[in-house]
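Reader: Hey, can you walk me through this one? I'm new to reading structures.
Author: Sure, let's have a look.

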Amino acid sequence: MITIYYWAAMKKFQGRGFPIALALEFAGVPYEVLGNDDLPESFCFAVPIVKLSTGQLMSQTPMIMDVLGSEFGLGGSTPAEKVDCKQLLLDFNDMFDEVQKDGKWTAENGRQDKWFALVEKRLQASKFLVSSEITVADLHAFWVASLIVMKKGKIEPEKYPKFASWFSEMSEVSAVKKLTTNGVQIFP
């Protein structure tokens, strides 16, 4: 059993716990979510913290996603796909950080267009971000794209047709639907 520790056990908002729970849901892996008050003493700094089935605790969402991807076959099949998956976890983590900073994503500096063009290029090469199969990169990216849509508006299908189509298709994945319709908002 895998345990996710997060603020209020993800009952008020899902936040950074969302992509982790999404990966576990998608992989069909049993897990529980406990509050940060239930967290055993560890060397981890901040939630989300995951207790793996081995009992080891770890934090940092991109690294957790990478480990879950490796453990449950969602981290790419070939050496190149595995590298791409890791790269995308970090790219989307950068996007997550940037979209929250005032003045970082403006029409003048073109940051959003640069990132979206990169995603569009990736999706021209395959159905999903890494390959023809959903990976943890897609699951993590869906979470980030959800924040972008919430803060900046929809992904323009005229300008970024592959990215907009990917987001729409990901929205229909059963694990995504389960976590986006559970009555708990993703972001505070």
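**Strand E1 and its surroundings**

Author: This is a predicted model. Start with strand E1, residues 2-6: 5 of its 5 residues are buried, so the rest of the structure largely encloses it.

Reader: Ok, and which residues point which way from E1?
Author: Ile-2, Ile-4 and Tyr-6 point one way, while Thr-3 and Tyr-5 point the other way, and all of them are buried.

Reader: Why do they alternate like that?
Author: Because in a regular strand the side chains alternate between the two faces of the sheet.

Reader: Cool. How many bridges join E1 to E2?
Author: There are 5 bridges between E1 and strand E2 (residues 31-35), and the two run parallel. Tyr-5, for instance, has Leu-34 as its bridge partner in E2.

Reader: And what do E1, H1 and E2 make together?
Author: With helix H1 (residues 17-27), E1 and E2 make a right-handed β-α-β unit.

Reader: What about E3, does it run parallel or antiparallel to E1?
Author: Antiparallel: strand E3 (residues 49-51) is joined to E1 by 3 bridges. In E3, Ile-49 stands opposite Tyr-5.

Reader: Switching topic, where is Asp-91?
Author: Asp-91 sits in helix H3, residues 79-99.

Reader: Is Asp-91 buried or exposed?
Author: Asp-91 is buried, yet has no salt bridge. The nearest side chain of opposite charge is Arg-122, 5.2 Å away, and a salt bridge needs the charged atoms within 4 Å.

Reader: So which residues is Asp-91 in contact with?
Author: Leaving aside neighbours within four places in sequence, Asp-91 is in contact with Trp-115 and Leu-118.

Technical notes: Residues numbered from 1 in each chain as written. Predicted model: local features only at pLDDT ≥ 70, side-chain atom pairs only at ≥ 80, totals over all residues. Heavy atoms only, no water. Buried < 20%, exposed > 50% of the residue type's maximum accessible area, 1.4 Å probe, protein only. Helix = DSSP H or I, 4+ residues; strand = E, 2+ residues; numbered from the N terminus. Pairing = 2+ DSSP bridges. Right-handed = clockwise from strand over helix to strand, strands pointing away. Lys, Arg positive; Asp, Glu negative; His and termini not counted. Contact = heavy atoms within 4.5 Å.
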